[in-house]
Amino acid sequence: MKNSLNFENHFVEQLPADAVQDVFPRQVANACYSFVTPNKTAKPSLVCVSDDMAKIFNLSDTDQQSDEFKYLFSGNLIFDDMQPYAMCYGGHQFGNWAGQLGDGRAINLGEVIDQFGTRQTLQLKGAGLTPYSRTADGLAVLRSSIREFLCSEAMFYLGVPTTRALSLILTGDKVMRDMFYDGNTQLEQGAVVCRVSPSFIRFGSFQIHASRNETEIVKQLADFSIRNNFPHLTEPDVEAYGIEIYEQWFDEICQSTVKLMVDWMRVGFVHGVMNTDNMSILGQTIDYGPYGWLEGYEPGWTPNTTDVQSKRYCYGNQPQVAHWNLFQLGNAIASLVGRVEALETSLASFAEDYSELSQTMYADKLGLGEHHGAADQTFIDELFEMLQMTETDMTIFFRCLAKIKRSENYADYQLLEIIKPAYYQSKELDDSQNNCRIAIIKWLRKYLGRICYQKLADEKRIKKMNQANPKYILRNYLVQVAIDKANDGDYSEIEKLLEIMKKPYDEQNEYEAYAAKRPEWARNRAGCSMLSCSS
Ligand code: AMP
Ligand code: MG
């Protein structure tokens, strides 16, 4: 296996290291990272591997099943060419500056060039203490690791930028957790996920150095980011970048973040903890904690139990929060450009870019040939009002809507039959005097009018819609079922979900049950809707 994995260490070689070698929680000044050694664990055992990810590193089936694989990706085996390290970063948590955070339980093994020539960093989450662990233990439990593993891969197949997951391994050690923060601690199984990304640099990576007036490090880190992940912005041999390069770099970060928000809104994903330390400089989804998926369409919904009061990170706020976070990044890198006008211009165009891209996104979701400005916007606004009148599953609604044919002459009840699977309380739809039913019919008739008016044929519209509207999303209750089984030693449901989520836009009729509404038993069950940050 060593032959497939040659580790390189650009991050370590090109950026300043923590001078202190001992691992104990502390403030780490003048450094981007600290050298650390992952834990030796009692008895690593493989839970699952993302086959596609293994392939991009040329790891065969035999490699994946080998002892070496489980020792390596649980942190028990360190090759000579690795220099494991934890990154230093800070962040705004829930709108407040929190100072130094850092990789408290993530340990980077190094970089490997994948099959496509991309330099990927391999990182173990849950592999032990680092100087950034603060008061915590540096570990992760099986349930949250399953959630991170599956969602990283599901997001990728949905076409949403994300860090990836290569493997999930039980450490064999037990970890103490208070899952509901109610004083009931329990021993849970420890696990390590190997995450993969071309860069784990976060907005907070710049913020920490700016907050300490380490402006030279802000520059070194920005140069590193540009050289390694934004090479198209410069010529290969240029050593010192002009102001305009940093401005373009920031603009690209703004643009990729806008795109990410549009994608999250399209598929109904709610991150749950959009702190600036959980924002990737590459515009990828990063750090899967108490995330969730909209079931009933509700802009104010948050999956994070810590956020129920303020709802700062609820579904509908995400684009706005991303903009706020970019503003903080802009502040942190302002020293690179001297004049901030260009940064302000990039920030100012966020709203316009978001509105433009989301118009196209909703036009795709609705199968509109193109977006017809104000008239369509009213029509879309009416749709979202209607979706909130009674609990309506957003994902199922759009898939059903694609089934309406413009050539048909529908009676009201026939139109309603088509979209009925999306409703959690269908009795409202059966009562002809019900306001909700009246509004739904009115909107559906408008929709019919709108699709009859455009030239796009039904087959083309359906195809377009089904490419924008996933049939399968990683509903929290589905993952909880997989977690319950895994706690009993049965990993088959994880494998099954991974398989289904590989083709989220395909019908896959044999898996119809996985596309259905959340069952009533899951409405308030722990892990099936909302989650705490305990992980
Ligand atoms: P999060 O909100 O999960 O992104 O985490 C915020 C910060 O807490 C990051 O610096 C994490 O590395 C750190 N952290 C979370 N859980 C643990 C843990 N079990 N041990 C050490 N650090 C942790
Ligand atoms: Mg985090």
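Me: What makes up the division of the chain into domains?
Reply: The chain splits into domain 1 (7-200), domain 2 (205-363), domain 3 (372-455) and domain 4 (476-522). These bounds come from an automatic or database domain assignment. The model is predicted: local features need pLDDT of at least 70, side-chain atom pairs count only at pLDDT 80 or more, and totals for chains, interfaces and linings use all residues. Side-chain values use heavy atoms, with hydrogens and water left out.

Me: Why is Asn 278 called buried?
Reply: Buried means under 20% relative accessible area, exposed over 50%, partly exposed in between (1.4 Å probe, protein chains only). Asn 278 has 10% relative accessibility, so Asn 278 counts as buried. Asp 287 is at 13%, so Asp 287 is buried too.

Me: What makes Asn 278 and Asp 287 donors of the magnesium ion (ligand 2)?
Reply: Donors are N, O and S atoms within 2.8 Å of the metal (3.2 Å for Na, K and Ca); water is not among the atoms, so sites may look incomplete. Asn 278 (OD1) and Asp 287 (OD) lie 1.9 to 2.2 Å from the magnesium ion. They are its protein donors.

Me: How do you know that Asp 287 forms a salt bridge with Arg 195?
Reply: The term needs a side-chain nitrogen of Lys or Arg within 4 Å of a carboxyl oxygen of Asp or Glu. For Asp 287 and Arg 195, the closest N and O atoms are 2.8 Å apart. That is a salt bridge. Between domain 1 and domain 2 the count is one salt bridge.

Key
Residues numbered from 1 in each chain as written. Chains lettered and ligands numbered in written order.
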